[in-house]
Amino acid sequence: MAGVILPNMIIVRKGDSFDIVLQFRTNDKPLDLTDCIVKMTVRNGEDKVLFTKSGEIFEPASGKVRLKLLPADTNITPADYKTDIQIKLKTGDVHTVYPGDVNKVAVFRITQEVTE
């Protein structure tokens with residue numbers, strides 16, 4: 001369950017599980033996620049999609065969602081990949097929420113393992 005989320009980078013060890021838990025807020029109040037969709041995409045340098053993860057909205061009224069990365073997701077060659085996380089609101093509007101800086105592309109870094 002080890003990993004790190006930085007403003008522009010998510011770091012996970014190859015083959016590890018990692019839960020990314022987010023809480024959405026607007027105007028300092030929880031954003032109701034009822035009927036919303038949260039999705040994470042990871043791409044390689046050639047823009048090929050390596051995997052996508054749908055968020056599990058576990059407390060809709062509190063704006064809480066979990067993106068559960070499994071060993072099958074992170075068992076890829078240690079390297080830096082591109083990622084983002086988007087939310088599709090019930091109105092149909094789509095917003096990229098990670099990374100927060102619209103001028104940057106987030107890095108999804110897989111580090112080496114030694115056990116396997």
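The largest share of the lining of the largest pocket, 3 residues, comes from strand E10, and E10 (79-88) and strand E6 (37-43) each supply at least two of the lining residues. Strands here are DSSP runs of at least two residues, numbered from the N terminus. I should say early that this is a predicted model, in which local features need pLDDT of at least 70 and side-chain atom pairs count only at pLDDT 80 or more, while totals for chains, interfaces and linings use all residues. Residues are numbered from 1 along each chain as its sequence is written, and side-chain values use heavy atoms, with hydrogens and water left out.

Staying with the pocket, its volume is about 200 Å³, and among the residues that line it are Thr41, Arg43, Lys82, Thr83 and Asp84. By a pocket I mean, on a 1 Å grid over the protein atoms alone, an open set of points where a 1.4 Å probe fits, with protein on both sides within 12 Å along at least five of seven lines, and lining residues have an atom within 4 Å of a point. Pro99 is also one of the lining residues; Pro99 lies in the loop between strand E11 (94-98) and strand E12, and a cis peptide bond with omega of about 5° joins Tyr98 to Pro99. As background, most peptide bonds are trans.

Let me turn to the interior. The largest nonpolar core has 22 residues, and those with the most contacts inside it include Ile10, Met40 and Phe108. Such a core is a set of buried Ala, Val, Leu, Ile, Met, Phe, Trp, Tyr and Cys residues joined through side-chain atoms within 4.5 Å, where buried means under 20% relative accessible area, exposed over 50%, and partly exposed in between, with a 1.4 Å probe and protein chains only.

Which rings pair in this model? Phe51 and Phe108 form an edge-to-face aromatic pair, 5.7 Å centre to centre with 75° between the planes, given that ring centres must lie within 6.5 Å and that edge-to-face means planes over 60 degrees apart. Because Phe51 lies in strand E7 (residues 49-54) and Phe108 in strand E12, the pair ties together parts that are 57 residues apart in sequence. Phe51 counts as buried at 9% relative accessibility, and Phe108 is buried at 0%.

Finally, two loop residues other than glycine have a positive phi. Asn27, with phi near 55°, is exposed at 71% relative accessibility, whereas Asp47, with phi of about 65°, is partly exposed at 41%.

Conventions: Points joined across faces, edges and corners; volume = space filled by probe spheres on them. Helix = DSSP H or I, 4+ residues; strand = E, 2+ residues; numbered from the N terminus. Phe/Tyr/Trp six-rings, centres within 6.5 Å; stacked < 30°, edge-to-face > 60°.
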